[in-house]
Each structure stands twice: as C-alpha cells, then as structure tokens.
Amino acid sequence: MKDQITSTEAIRGAVHSDLRHDSAIKHVTGRAEYCDDIAEPAGTLHAYLGTSDVTHARIRSLDLSAVRAAPGVIGVLTAADIPGANDISPTGRNDEPVFPTDLIEFHGQPLFAVVAESRDAARRAAELAQMEVEDLPHALDPLQAQAAGYPHITDPLKLERGDVATGFAEAPHRITGRLNVGGQDHMYLEGQISFAIPGEDDDVVVHCSTQHPSEAQHMVAHVLGVPSNAVTVNVRRMGGGFGGKESQMNLFACVAALAAKKWDRPVKIRPDRDQDMSATGKRHDFVIDYDVAFDEAGCIQAVEGEFAARCGWSSDLSGPVTDRALFHADNAYFYPHVRLTSRPMKTNTVSNTAFRGFGGPQGVVAAERMIEEIAFALGKDPLEVRKANFYGPEGRDLTPYHQQVTDNILERLVGELEKSADYQARRKAILKFNAQSRFLKRGIALTPVKFGISFTATHYNQAGSLIHVYSDGSIHLNHGGTEMGQGLNTKVAQVVADAFQVDITRIKITRTTTEKVPNTSATAASSGSDLNGMAALDAAEQIKARLVEFAADKWEVDPAAVIFLPNAVKVGNEVMGFDALVKAAYMARVHLSAAGFYKTPDIYWDRAAGRGRPFYYYAYGASCSEVSVDTLTGEYRVERTDILHDVGRSLNPVLDKGQVEGAFIQGMGWLTTEELWWDKQGRLRTHAPSTYKIPLASDAPRIFNVGLAEWSVNPERTIKRSKAVGEPPFMLGISVLEALSMAVASVADYRECPRLDAPATPERVLMAVERLRGDK
Amino acid sequence: MHSRNEIRFLLNGAPVALPDVSAAQTLLDFLRLNRRLTGTKEGCAEGDCGACTVLVGRLAGGVLRYEAVNACIRFLATLDGCHVVTVEHLRGPDGALHPVQQAMVEFHGSQCGFCTPGFVMSLYALWMERPEPTAGEVETAIQGNLCRCTGYAPIIRAAVAISRYGTPTADLLTRERAAVTEALTALRDGARVETGPADNRAILPADVDDFAELYAAYPQATVVAGATDVGLWVTKFFKPISPAIFIGHLEGLKRIDRDGDSLRIGAGVSYSELGPVIAEHVPHLADYWSRIAGWQVRNMGTIGGNIANGSPIGDTPPVLIAMGAEVVLRRGAERRVLPLEAFFIDYGKQDRAQGEFVEEIRLPLSQAGERHAAYKISKRRDEDISSVAAGFRVTVQDGIISDARLAFGGMAATPRRAVAAEAALVGQAWHETAFEAAAVALAGDFTPLTDWRASAEYRAAAAANLLRRFFHEQEGQAPVRLAVA
C-alpha cells in the first residue's frame with residue numbers, strides 16, 4: 001500500500017479554479033493540430049466545389065468536359081455519383097440536395113465537385129464548367145420573398161398569451177415600427193474542412209472540423225447509403241465554430257467521403273475563404289415589425305411582433321432558429337398580453353444556419369428596440385423603462401411561452417452594474433456634453449440579457465462520455481462535446497479531476513470521435529459543459545463506486561470510510577495513492593471503464609400549443625457601453641464598456657471571462673461593422689475579410705471592465721451549479737447599438753427614436769443623424 | 001552581371017536553395033505543403049487575417065531588419081536573400097516557450113488557437129522593436145490580425161507583459177544577428193535571378209538599371225513590388241503573372257532624399273519604411289498612415305505600387321495629389337516627370353507607356369500659409385479600404401484663400417481633385433461660409449457609386465462633411481474628430 005502521494009492539500013485543476021486552456025501551449029507554438037495539419041497519407045487527393053454563377057435558374061445542361069480534362073484532374077462528382085440519398089437536410093425535411101439536379105437556388109450554390117491531384121489543380125479546374133441555364137426571377141430578402149409569394153421554408157411559430165386586442169385597446173400609448181437587423185458570417189478563422197480516408201468494406205473515417213460529429217457521421221452514411229456503423233467522424237479541435245459547423249460541415253464531409261469511396265483514396269476538401277463564405281450559411285437577418293402598447297410609467301401592456309427571417313433556399317436549422325427568436329423576443333421583460341409570430345421565409349440566398357445565440361439575439365434586439373421607443377416617446381431614461389418592465393413576482397413572471405421565470409436575478413445584477421459603471425452620473429455628464437458639443441456626440445446605454453438554456457428540441461438535451469482508468473492510474477477522458485476554443489475539454493477534465501480528486505495532469509483529453517460516444521448532440525446552445533460535464537461525472541462516479549466497493553471489501557471497512565483525498569484515497573485509517581488503489585483494483589479484476597450518460601431533467605415543449613418549459617434555467621447578464629459619435633461622418637468609437645455576467649458558480653472563471661469578453665466583441669461586431677451585402681443580381685459581395693469587417697483590437701472598448709457575478713449559484717442542479725456561457729454574453733453587444741442610438745438621438749433633443757437598423761455602420765449612423773436633423 | 005536560377009534564403013535555422021521557383025508560388029504553400037511547417041495557418045489567402053504571419057529578415061542598407069508579413073500573398077521568389085522565421089523557430093532547444101508565447105499562455109490569449117501563431121509572430125516583431133509597448137502600439141501592430149474568439153483583451157494584456165518573461169537582448173534572433181547578417185550578405189551576389197518554368201517565370205533584376213532594361217524588353221511582364229495586390233490576383237483569381245519581375249528587393253528604389261522643399265521617395269519604399277519620415281516631415285499624415293491596411297501589408301506594400309496599380313480607392317493618391325506630388329516615370333534610361341493627378345486618366349487607365357514604370361515620387365513639403373489635412377473614412381477604423389479618402393491643402397494669405405487643392409478617393413473612377421469645390425473656396429475669406437459653399441459645390445464634382453463599402457448618398461454626404469470638418473478642425477475651437485487610442 002505504499003505509493004507516491006503527490007499532494008495532500010488540493011488537486012491541480014479543481015473545479016471553480018482558473019485553469020488555462022488545455023491546448024494553450026500547443027496553440028502558441030503552432031503544434032495544435034487542426035484538420036488541415038494532419039499528415040496526409042500517400043496518394044491523397046483534393047476536392048473542390050464548382051459553384052453556380054447565377055442566382056435562380058433551371059439547369060439546361062452542365063458540361064464538365066473541360067473540368068475533367070484539366071491538368072491533374074482525377075474526376076468529378078455530381079448528383080449522379082451519389083449512391084445513397086442526395087440530401088443533407090439536418091432536420092430530415094429532404095430539401096437540401098448535396099448537388100442540385102435541375103434547379104439552382106442561390107448564387108454560389110455548389111453544383112459539383114472536382115477531384116484532383118492537388119488542391120490548386122482542383123481549384124483551377126472547378127472554374128472551367130460550362131452551363132446552360134434558364135434564368136428565373138429571384139427574391140433575396142424576406143420582404144421581396146413575401147411580395148413574390150414565396151413560401152415559408154419551414155412551419156412558422158406563434159406564441160400567444162393573454163388578450164392582445166384588449167391589451168392594446170386599454171393602453172394609453174401605442175407605437176408601431178420596423179427593425180431591420182442584419183445577418184452575420186461566422187468568420188471562424190479555420191474554414192470548413194473535411195478529410196476522408198477510405199477503409200475496408202463500407203468503412204470510411206472522416207476528419208472534419210465540426211461541432212456535430214454524430215450528424216456528420218449520420219449524414220455521410222445517409223449519402224453513401226451505408227449504415228452509420230461504417231462511418232467514423234473525428235475532430236480534435238476546431239479553429240472556431242460559433243454555430244457555423246453545426247450543420248454546414250455536412251456538405252464537405254459528404255463530398256470528401258463520396259470521393260474517398262469512389263476513388264478509394266484519401267480525399268481532402270477545403271474551400272477557400274470566398275467559397276466558404278459564399279456557399280455556407282450565416283446568421284439569419286430579420287425584418288421585425290413590432291407593435292407595443294404602454295402606460296405613462298413606461299410599463300408595457302401589450303406586444304405584437306412579426307419576425308420575418310431570410311432563411312435561404314433550404315430549411316437547414318431555420319425552424320428552431322426562428323423559434324428561438326420568438327423565445328427571446330421578451331428578453332428580460334414581462335408582456336402582459338403578447339402575440340409573436342415567426343415568418344421563416346424562403347429566399348434565393350445561401351441557407352442560413354446556427355450562429356451563437358441561434359436567433360435569440362434577433363429576438364432580444366427587438367425587445368430592446370421597443371424599450372427605446374417607449375423611453376424616447378415618454379422622455380425617460382431607457383434604463384428606467386427597463387426596470388419597470390423586468391420580470392417580477394407571481395403575476396409578472398410568465399413568458400410568452402408560458403414558462404415561469406423563477407430564477408430572475410436581474411434586479412440585483414443590473415443594480416450592481418449601474419453602480420459600478422457609475423451609470424447615472426455618466427449619463428448626466430453625457431447629456432451635458434452633448435448640449436455643448438457641436439459635432440461629437442456621446443451616448444450611453446445599459447442593457448440586460450436573459451437567455452434560456454437548453455435545446456428547444458428536447459431530445460438533444462442528452463450527452464454521453466467514456467472514461468477509462470488504466471492500470472497505471474492514468475485516466476483517458478472522452479465525451480461527445482467538441483472543442484472549438486471555448487475550453488470545454490478543460491472544464492470537463494476539471495469535473496473528472498474533481499470527482500477522482502486527482503491532478504488534472506493525470507487526465508488525457510482525447511479527440512471527439514463517434515466511435516467512443518454515439519448519438520451525440522451538437523456542441524451548441526451553450527450546453528457543452530452542462531451536458532458533457534454531467535455525462536463525464538456520471539462515468540467517473542460509476543468507476544469510483546466500483547473502487548469504493550472494492551476497497552471496502554478488500555480492507556474490510558465501511559464504504560463510507562473510503563474517501564477520495566487530493567491525489568490519494570483514505571481507506572479506513574490508511575492513506576494510499578490513487579495509483580495503488582487502481583493497481584490493486586485491476587489485480588482484483590475490477591472494471592475500470594465506464595460510459596456515462598446525462599439527460600436534462602424537467603423540460604418539455606409543446607410547439608403546437610406554444611406552451612411548455614423549454615428551458616432548464618436562464619443565464620443573465622448586463623452591459624453598459626458608452627460611445628462617441630462623429631456626426632459629420634457617422635464614425636464612432638466605443639469609449640467604455642462595463643459588464644457583469646452570470647455564469648452561476650463558474651467551473652473555470654478565467655475561461656468563462658474569456659467567453660464573455662469574446663462574445664461581447666462578436667455581438668458588437670454583428671451590430672456595428674459586420675455587413676453582408678448582396679448586389680441586385682444576388683451575389684454576396686462581402687465574402688472575405690477584405691470586404692467583411694469583423695472587429696479588430698482597435699474596435700474594442702477603450703476601457704473594458706468585465707466581471708462575473710460571483711455570488712450567483714444556479715438554483716438548478718447543473719454541473720457544480722454552474723451556468724452555460726457560450727451564447728448569453730453575445731447579446732451584451734446590444735448596449736453598443738443602443739448607446740449609438742442615444743448619441744444619434746441627441747441631434748433631435750432625444751425626442752425621437754432614431755430607429756437605427758443593424759449593423760449600425762458609420763453610414764447608417766450618419767444617415768440616421770441626417771434624417772433626424774431633417775425631422776427636427 | 002551574372003545570373004542564376006536558384007532562390008536562396010534562410011528558413012529558420014537552415015539555408016535553403018531552390019532551383020526552380022514558379023512566379024506564382026506562395027511562401028505559405030511552400031511552408032505548409034513542401035516543408036510541413038503547419039504552425040503557419042491559412043485563414044483568408046488575401047492578407048487580411050494574419051493567421052499566416054511570419055517574420056522576414058532582410059538587409060536594408062546593410063542592416064538586418066525583421067518584419068511581420070503575410071505568407072499567403074508573399075511570393076516565394078521574393079525571399080531571395082532573406083531570413084524566413086516561422087512560429088516553429090521560437091521555442092528554445094530545451095522546449096522552453098519564447099517570452100511572447102509564455103505571455104500569451106499566462107494571459108489566456110488563445111481560445112480556438114487558429115489565429116494564435118499569427119498573433120505570436122506579429123507580437124514578436126513588435127517586441128523586438130518595442131519591448132515595453134503601450135496598448136495603442138499593440139493595437140497598431142495587430143491591425144492585420146483577426147481573432148474571432150477572444151475579443152483581443154487578453155492578447156493585449158499579454159502583449160504589454162511580454163518583457164516579464166524575457167528580454168529581446170537575450171532573444172535568439174538578437175543573439176544570431178551577426179551570423180544571420182553575414183549569411184544574408186553572402187547570399188547577395190549582385191546576380192539577376194531568373195527561375196521557374198517557362199509559363200511561370202520569375203525574374204529578380206540585379207538592380208534598378210537592370211530592371212529598367214528588362215521591363216523595356218518585356219513590357220508585358222507583371223511588375224511586382226510588395227505583392228499586396230498582385231498576391232490576390234494569384235490566390236483569388238488564378239491570374240497568370242508570368243513573366244513576373246519582382247522588384248521589392250531593389251535598394252535603388254528604396255531611397256528617401258530631402259531635396260530642398262520636397263522629398264524624393266523611391267517607388268519601392270514600403271509604407272512602414274516611410275512611416276518615420278511621414279511622422280517627421282508630414283505630421284498631418286501620421287494618423288492616416290497608420291490606417292493604411294494592416295502592419296503586415298504596410299511592411300510589404302510600396303508607395304509606388306499603390307500609385308502604379310491605378311486603383312480608385314488606393315489610400316495614398318488623394319493625399320499625395322492634394323500635396324502637389326509628382327511622379328517620375330522611367331522607361332529604359334528615359335525619364336519624365338508628371339503631376340500625380342495627371343497620371344490617373346480613367347478607371348484602369350494610367351499615363352504610363354509600355355515598359356514604363358513609376359520610379360520615384362516627389363512630394364513638396366508644407367509651406368507657410370498652407371493648411372493640410374488627410375482623412376479616411378471606412379466601415380472599420382483599421383485595416384479597411386476607404387469608402388472616402390480625402391487630402392486637402394488650402395493656402396491662406398491675409399485671411400483669403402489663395403489656393404485650394406481638394407483631392408478625393410472613392411468618389412470617382414480615379415482619385416482626383418474636386419475642381420468645383422476648389423473654385424468655391426479660392427478667393428473667399430477663410431470662413432465657415434466658404435466651406436459651406438464648397439460642400440455644396442462638391443455635389444457637382446462627383447457622382448459616386450454605391451457598393452458594399454458605402455452607398456453613393458453616404459459617400460457624397462460624408463465627403464461634403466469632410467470639408468466642414470477641415471474648417472472647424474483648423475479653427476481648433478471644438479473637437480471634431482474622435483480621439484485616437
């Protein structure tokens with residue numbers, strides 16, 4: 001029973017501690033392996049997509065002879081080469097062919113793939129296709145689509161509570177308006193990529209940059225016409241995902257696998273940035289029509305909202321995305337009478353998809369616009385209007401989807417931020433500054449976020465894990481979540497280290513693979529740590545239970561007397577090393593491997609009725625931003641942002657803070673400089689970082705104070721009482737949009753809501769200034 | 001003069017000699033595909049994300065200078081005589097992290113990690129020059145690096161703290177400076193380099209005279225200086241550039257001389273090389289200068305290239321036209337001097353004969369009575385192409401505007417002067433009303449286009465407002481511009 005006991009004080013890498021990202025050293029040295037860095041076996045081929053240069057057309061003929069004849073080309077893949085189903089619709093709607101056979105539905109749509117000896121040869125050859133088409137009229141945005149009588153791409157949702165007609169009839173004030181909110185490209189630094197290696201029989205292994213390996217696996221099997229057990233999908237890490245690799249990798253995984261099986265050689269496919277941005281979906285842009293009634297105090301009486309979204313040519317995830325917009329159209333506010341409707345419009349554009357927040361941000365921004373409207377109409381500070389409308393006690397705690405809000409902490413959270421950011425004094429100072437400054441104007445806004453956590457598709461709220469403890473005491477950890485930079489693997493390893501009370505260095509973090517944990521859900525909906533942390537804990541607890549039973553039996557003590565101490569185990573009065581216990585257990589033939597499982601309890605959702613408890617809990621946050629605006633040019637600058645965000649009892653505060661900071665900047669980018677611009681022909685003209693402008697370091701707030709609400713504890717029994725962090729802080733960026741709005745409003749003495757559409761580029765800001773000056 | 005067909009350079013710790021380098025071969029593909037140095041990443045292949053940032057050391061006037069550059073649009077042939085340093089070279093032989101790497105780890109500067117090697121290299125270049133940078137200097141150094149995860153705050157925290165983990169004097173590149181200088185000097189044999197297959201020919205002239213002769217002989221050749229534009233022709237548009245004459249290495253095009261009241265600037269001077277000169281002699285351009293592209297592109301791109309490619313949205317032409325700059329054009333041994341504004345004839349058309357090249361820019365310095373300004377408006381403050389760029393030079397004598405040069409970019413098919421607005425100013429008293437009149441007159445000068453950068457309406461409104469800004473800024477009464485950093 002002698003062994004090295006490394007520490008008896010505390011383990012390294014415990015839960016609730018600041019632990020750096022497990023790959024940090026590999027990141028900074030360039031040794032972190034991404035899909036394109038995997039050593040290619042001899043004979044590897046490269047595929048590239050040939051895409052459409054028309055927007056909406058019937059295909060008369062597609063002549064690929066020049067493509068086939070190009071130097072280095074091995075062959076081409078078209079719809080005719082698909083042995084299974086020509087369909088990669090992630091929701092089973094069968095509306096998304098890998099390659100179309102007769103109809104082109106957007107500019108940049110993949111029509112075929114060319115496979116060549118080198119990527120360069122494939123890229124060049126892909127340009128050589130000759131096509132004859134019959135052009136059809138196109139509709140690019142939801143309004144054009146509605147005017148042209150285009151269908152909903154998927155079923156709309158209606159949420160209703162109370163008596164809307166009476167609510168409007170009895171309220172003293174009413175405002176209707178429209179908000180245009182743009183989409184957003186993921187601009188993950190690592191683009192889409194898949195690398196397929198053929199195996200014996202039907203087998204194929206696909207290395208894929210994906211947030212959803214199980215879906216990639218199932219989709220490859222579906223397209224190849226083979227059972228899922230023939231397909232293995234692996235991902236060690238992604239160079240960013242943000243929702244863009246939840247379904248959009250399917251095309252690339254399937255093309256690589258098709259080509260690998262057809263030519264029986266390894267095949268890699270990696271689009272260039274322009275093709276990546278043109279051919280894969282983005283955040284949905286919305287046109288939101290709102291109608292809000294309120295009283296003298298600014299209390300909302302009734303709300304009606306219609307949310308029309310640019311969904312693109314296929315449904316993809318547009319159903320749940322537009323649903324989530326409605327789920328968040330209340331943000332933090334109680335609507336006594338409410339009716340919300342989604343209009344998921346088919347359009348002749350790339351099929352829009354998941355993006356951090358999954359439609360939620362578009363709903364939240366609509367709620368905040370209504371608050372602004374009320375504040376400007378009544379001449380009040382928007383913060384006062386916000387507070388008047390927060391969810392409250394019984395009678396003011398029901399969401400439009402009839403879920404009771406029981407964990408609301410906004411009053412405290414916002415109160416603390418208001419104080420720490422010195423909001424009131426700064427707002428006064430800004431009002432004074434604006435009165436005296438002719439060209440430069442300032443604005444400040446403090447906006448809250450309430451975000452529902454869980455997949456609204458209830459069955460996705462499950463996760464699995466696999467833990468092996470080897471006889472030397474080293475631990476192999478695997479789970480169904482994927483690492484895209486958020487530090488999920490680090491957090492889950494912390495949970496396991498905590499369970500076994502061993503240093504985290506003992507735990508090997510391994511790539512996500514469909515071979516180890518089956519039927520996993522996408523690492524999405526902020527749920528990665530919640531679900532996979534619990535699943536890993538379950539596996540660890542199973543092994544621990546066996547160790548306890550074994551130790552109690554062998555050393556004849558009560559099981560309660562077997563206690564896991566830091567890097568040691570106390571059995572009765574004896575302390576032994578973890579390694580020694582494991583070795584002894586192995587010798588006694590104890591099973592040291594376990595598959596863990598978790599499903600989120602207590603949630604349900606009846607979509608037809610618009611009722612249920614879709615969310616296990618809510619995460620909260622608030623941000624306060626101050627901006628300066630040059631009213632001669634519309635240029636602006638974020639002077640200061642203060643954030644207080646709720647992650648419950650953080651598993652890893654430093655990683656969570658990183659998520660909050662990054663999400664804020666990404667949310668700010670969505671609402672400021674990131675503009676997707678289609679020309680009249682339907683071509684996306686902002687399709688690379690040269691034309692599509694995500695924030696740079698110099699766009700970040702000049703003063704940036706980010707804090708976590710350390711007192712917050714998740715009242716639900718989540719993993720170590722933490723809360724999800726991926727998506728909620730994205731919406732903190734709304735404070736920038738609204739601060740800009742205040743600065744613009746100053747040119748008309750704050751009497752008119754500027755109705756600043758997003759993204760509020762310098763152009764939109766200047767045009768709003770000029771419009772308000774004209775109205776003055 | 002002799003010639004050779006080998007490209008010779010140092011890659012990290014070892015010499016490389018490549019006998020047959022295609023003109024269109026990029027450094028990034030060479031690193032990743034030929035050498036499996038996969039720490040350098042491809043994010044955009046157009047020099048806009050910085051994931052492929054490497055250091056290139058070169059001898060400038062005999063002094064070894066390391067610069068952060070984008071490997072994705074850097075042609076391999078242009079590395080002749082250079083030292084290429086990739087992220088793989090930073091770790092010590094004992095595996096110890098480099099101070100830049102250590103700081104990035106300690107401050108949680110990576111999340112997904114894909115952009116990280118590029119940031120490490122940019123910060124390394126900065127740290128060698130500025131061991132204790134300010135946050136503002138860091139922001140300027142990473143203008144060309146995109147991060148989609150962190151929001152940059154931890155990267156800036158790391159960058160200002162690098163010197164806690166080591167000093168540049170103890171750094172590998174400092175310690176090996178003499179040896180590398182010697183090795184690079186030895187590579188400079190004064191030869192013309194001709195390499196690559198017949199349909200993908202790369203030529204590096206021995207000197208400027210050799211270039212003049214070559215270009216006169218091959219006027220159909222593609223002249224490549226910094227490659228920050230031509231790089232994209234290759235990576236994005238598959239445009240053949242053969243034969244390509246690479247001139248970025250020609251010291252004879254890198255001279256900067258004071259000539260009485262003007263500066264003579266060699267066409268091959270990079271934005272970065274000109275930076276200190278701008279700061280000293282043309283202070284009104286200093287802020288503008290740091291907003292041209294990102295640092296990596298400023299290290300490669302040249303002032304001559306910005307003019308010669310004739311873009312209507314190049315950053316330097318409007319401000320140079322406003323200052324009354326001239327260009328020296330050379331063909332063979334013949335030279336002519338042209339006002340810069342006359343060089344731009346129409347979209348895609350310049351006053352440049354076959355085989356003729358921009359050799360020098362002559363820039364008059366400010367005289368008494370002149371008031372200058374340079375403005376750039378873009379969707380994003382840094383590393384963006386302007387929606388509107390403007391350079392103004394207004395001469396005031398005894399309270400009367402005696403001369404006005406108002407030049408704009410992004411407003412027409414070429415960078416050009418606003419003659420109607422100028423006419424509205426000249427002869428008027430220096431007063432707000434004159435500028436109001438000029439702002440109105442400007443509508444007659446331009447019919448701007450709508451595109452993804454800006455609408456015609458915005459361009460027109462913002463351009464007119466820049467005239468108003470100019471007046472009020474010169475008056476100095478009220479703040480009219482957002483404070484920098």
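These legends go with close-up views of a predicted model.

**View 1. Helix α2 of chain B sits mostly under cover.**
Here we zoom in on residues 99–106 of chain B, where six of the eight helix residues are buried. The buried ones are P99(B), V100(B), Q101(B), A103(B), M104(B) and V105(B). What do these buried residues pack against? Their partners come from both chains: α1 (24–29) of chain A, plus α3 (116–129) and α5 (153–160) of chain B. Just past the helix, look for H108(B), which follows α2(B) and has a positive phi, near 60°.

**View 2. Strands β4 and β5 of chain B make an antiparallel hairpin.**
β4 covers residues 53–60 of chain B, and eight bridges tie this strand to β5(B). One pairing to pick out is arginine to arginine: R58(B) has R65(B) as its bridge partner in β5(B). Two residues lie between the strands, and in this hairpin G61(B) adopts a positive phi near 60°. Why is β5(B), residues 63–70, described as largely enclosed by the rest of the structure? Because six of its eight residues are buried.

**View 3. The largest cavity holds a volume of about 430 Å³.**
Searching the whole structure turns up twelve cavities of 30 Å³ or more, and this close-up shows the largest of them. Its lining counts 29 residues, and those closest to the centre are E635(A), Y636(A), R637(A), R381(B) and L482(B). Which elements each give at least two residues to this lining? They are β28 (636–645) of chain A, along with α11 (286–289) and β18 (370–377) of chain B. Sorted by class, the lining of the largest cavity has 13 nonpolar, twelve charged and four polar residues.

**View 4. The second largest cavity encloses about 170 Å³ of space.**
For this one, 18 residues form the lining. Nearest the centre are E96(A), Q248(A), L251(A), A279(A) and W313(A). Helix α7 of chain A, residues 250–263, gives the largest share of the lining, three residues. How does the lining of the second largest cavity break down by class? There are ten nonpolar residues, seven polar and one charged.

Note on methods
Residues numbered from 1 in each chain as written. Chains lettered and ligands numbered in written order. Predicted model: local features only at pLDDT ≥ 70, side-chain atom pairs only at ≥ 80, totals over all residues. Heavy atoms only, no water. Buried < 20%, exposed > 50% of the residue type's maximum accessible area, 1.4 Å probe, protein only. Helix = DSSP H or I, 4+ residues; strand = E, 2+ residues; numbered from the N terminus. Contact = heavy atoms within 4.5 Å. 1 Å grid on protein atoms, 1.4 Å probe; cavity = no way out; pocket = protein on both sides within 12 Å on 5 of 7 lines; lining within 4 Å. Points joined across faces, edges and corners; volume = space filled by probe spheres on them. Nonpolar A, V, L, I, M, F, W, Y, C, P; charged D, E, K, R; others polar. Pairing = 2+ DSSP bridges.
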